[in-house]
Amino acid sequence: MKKYTNFKIAVVFSIVALFALLLPISSAIAAEAHGTTIVRDADGCTVRMTVQIAVDIATQAEFDDVKTSLEACFNRTCEIPCENPEHGHCDVICTIDVRKLADIPDADKPKYHIVSMTNDISSAVPGTPNSGRSTSDFERANSNGISGTLLHRAWCHEVLHLCGLEDKYCDLRRGDPDNIEVLPCDPPGPIPCDCEIADGANRCTKPCTGFENDAMATLSVDMSCDNVIAIVELAGLNSCPVDPCCPIPEEGSSTNKDIYQGMLEDWGTNIEIVLFGQHPILNHFDGSPPQWGFQTFEILTSEYSTSLRWSNPYSPIPPGNTVHVGWVTPTATTIMDAGWRDDILWDPIWDGTIFEIGHEILPLTESPGYPTLRLTYGIPTTQPVWITELYYLLWDYPFPLDLLKPENPFLDPTSPEFAMTPIAIEPIEMFPGDAIDIEIVELSLSGQPIVIRFSGSGNNSYVEYGQHIITAPTADVPTLSEWGMMLMGLLLLVIGTVAVVRRRRRKAVLNEA
Amino acid sequence: MVKFIRCGRGFFVTAKVLFSAILLIAIVFMTSSNLLAQTPSDFALGGYGGSYAPWGGSYLFSISTDGTFEYELIDLISGDVQQVTGTLLPADLDLIYAEVVAADFFNLNSSYDSGKMDGSGIVMEVTASNVTHAVEVKNYLLVEMNDIVCAINAIITSFGVELNYGTLDCSGGR
């Protein structure tokens, strides 16, 4: 008897537990607060648009058809370009949630647009993004002569109304004595709805000017990202903030390189890159991955060199790891020295030297022309460096410095979006003081950005990215050298002396006469 | 006194006859005057209806004073056109006009719009007794328009066509 009682308690407990588990699921069915909800992510660079549809009075087959067709229209990612499209874009991630009205808890129903199946022409009450919900009637297949793709486009058209968009077609009917413009374009063109009513017909419709390929004007085309962006605009979110979404691309010469921590015992704290000559530093990239980002960056300039110093005192990098740093200078630079430094006087650590190669693109002799890549090895060591792979990419606009790294899919050989072109080379061995020129066999223009990627091994394996703006040679203006100046001065002295002597002689002759 | 009574009876009988005659004449007169009002000589109507979207069917229709009925239907996707012409009997015009009067058509608003986009509707313009009035119904159930269109459809169904729009419902009859 007691055993039986325990069994009953267990059953009741299980049911209660199951109910408790299901309760939060059913009450949390609506993801968003409105039929059309548009929000910007915290990072500012992604806008999310969610459309919630509840289908009423439909067979299972009709519901499945509606759900499939609406998902095909609305589940997409679109882009809001930066003010300068060359600086990037923000993503608009659009999703649609289609459910049966009966499956939605009463409390959540006001958060869904309501769609009912009907035999009439599809219609919808225009909605407003981020404000309540609206209603629409979807015509059934063949109830008004359309089915398949056209019908699905009509349904998507109506949901775009629910999201706030207006029609973009005009409607002209035959009248007596004048034709009647039932639906004018907004804004009206010079001749609103200038379509011609065919003989025997009583009406013509036509997309408004500029909307010929718009799903709000015709069933001849599918819904597009233009429609999504137009809805986002209604919500006032059709913008892509410059900071942080539209980084200004780099001008000049950019370098973003692997720095391998190959020291045997020390943990890496300070890195110094020494460039030949004085160079303004236009931008710098202070390390990735994030946990090893350098806390400080400093520039020291001497008469013959520019030192770039990164320091990471609080989270030093253990041996065997790689970090990235980068810098931008107005012109190409050659690396004089590079390596890990100690914490006190920034003295070189004996096994901390980094074998780095400098790079530049020589000026074109003509534009368009074939650019030449010059690689130089200036590190004061006796050990060679090997270059085993070399790629280039002629691009439409410069990448920001922090995108010159393998995490950029266009620059990652393992990514399907990898866009770089390989340069066929045998492995190149470079010794200190070596410089080699490699011609890139693709016509390019002066002012065009070029990205190079080379990898190989020195005292470690490395990957380096460089970016340069291809330049044309400056026009040759004849100038005098120092020797020329001296010869010119001597010549003027001789000419002047001769002139003075001749004048004195002429004066003496006249006096004698 | 008796004579008076007799005269009085005669007077009442005469008055009763006269009253009946006047009543009969009034009934006849009122009936004929009603019939005249039901079919004004300039009674005509026309308009267009069907889809307000750039797909579906859209039609133009007219009924002239002489009873000529014209109808054109175009499928906006296929471009197919259906044209029908016929003649309505005077009794048909009477029935239609009776519905117009019953609906108090000339006092309806000029537009009844639910605010929905696309969908369907009808615009009807009626002329009678030198008065013209047009009413548009778009995605809206207006019982008065519903009754008039149902009355027309009951007549023109013999031509194989009908005026149709989404909210139209002729199942109830009238």
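Select B:Asp113 to begin: leaving aside its neighbours within four places in sequence, this residue is in contact with B:Lys138 and B:Tyr140, where two residues are in contact if their C-beta atoms, placed from the backbone, lie within 7 Å. The model you have open is predicted, so local features need pLDDT of at least 70 and side-chain atom pairs count only at pLDDT 80 or more, while totals for chains, interfaces and linings use all residues. Residues are numbered from 1 along each chain as its sequence is written, and chains are lettered from A and ligands numbered from 1 in the order in which they are written.

Stay with B:Asp113 and colour strand E5 of chain B, residues 111-113, to which B:Asp113 belongs; helices (H or I, at least four residues) and strands (E, at least two) are DSSP runs, numbered from the N terminus. Is B:Asp113 buried or exposed? B:Asp113 is partly exposed, because 13 other C-beta atoms lie within 10 Å, whereas a buried residue has 20 or more such atoms within 10 Å of its own C-beta atom and an exposed one 12 or fewer, with partly exposed in between and C-beta atoms placed from the backbone. Now add B:Glu136, which is 23 residues away along the chain from B:Asp113, with 7.7 Å between the two C-alpha atoms.

Next, show the whole of chain B, which has 3 helices and 8 strands in the sequence pattern α-β-β-β-β-α-β-β-β-β-α. Chain B has 174 residues, of which 34% count as buried, and among its contacts between residues at least 6 apart in sequence, 56% join residues at least 24 apart.

Turn then to where chain A touches chain B, a contact that takes 25 residues from chain A and 25 residues from chain B. On the side of chain A, strand E6 (123-124), H3, strand E8 (169-173) and strand E10 (203-207) each supply at least two residues, and H3(A) gives the most, with 4 residues. The residues of this side of chain A divide into 10 nonpolar, 9 polar and 6 charged; Ala, Val, Leu, Ile, Met, Phe, Trp, Tyr, Cys and Pro count as nonpolar, Asp, Glu, Lys and Arg as charged, and the others, Gly among them, as polar. Select E6(A) together with strand E6 of chain B, residues 117-118, and you will find the two strands running antiparallel and joined by 2 bridges, with A:Ala124 opposite B:Met117.

Now select helix H2 (residues 60-74) and helix H3 (residues 148-162) of chain A, which pack at an angle of about 65° with their axes 9 Å apart; axes are lines fitted to C-alpha atoms, for helices over the stretch in contact, and angles run from 0 to 180 degrees between N-to-C directions. That angle makes H2(A) roughly perpendicular to H3(A). To see the contact, show A:Val66, A:Ser69, A:Leu70 and A:Cys73 of H2(A) with A:His152, A:Trp155, A:Cys156 and A:Val159 of H3(A), a set with 6 nonpolar, 2 polar and no charged residues.

Finish at an open sheet of 3 strands in chain A, ordered E19-E20-E24 with antiparallel pairing, where two strands pair if DSSP finds at least two bridges between them. Its edge strands, E19 (358-362) and E24 (435-439), each pair on one side only, and the twist averages 25° from one strand to the next. Strand E20 (residues 372-376) of chain A is joined to E24(A) by 5 bridges, and A:Thr372 stands opposite A:Glu439 in E24(A).

Note on methods: Parallel < 35°, antiparallel > 145°, perpendicular 65-115°, else oblique.
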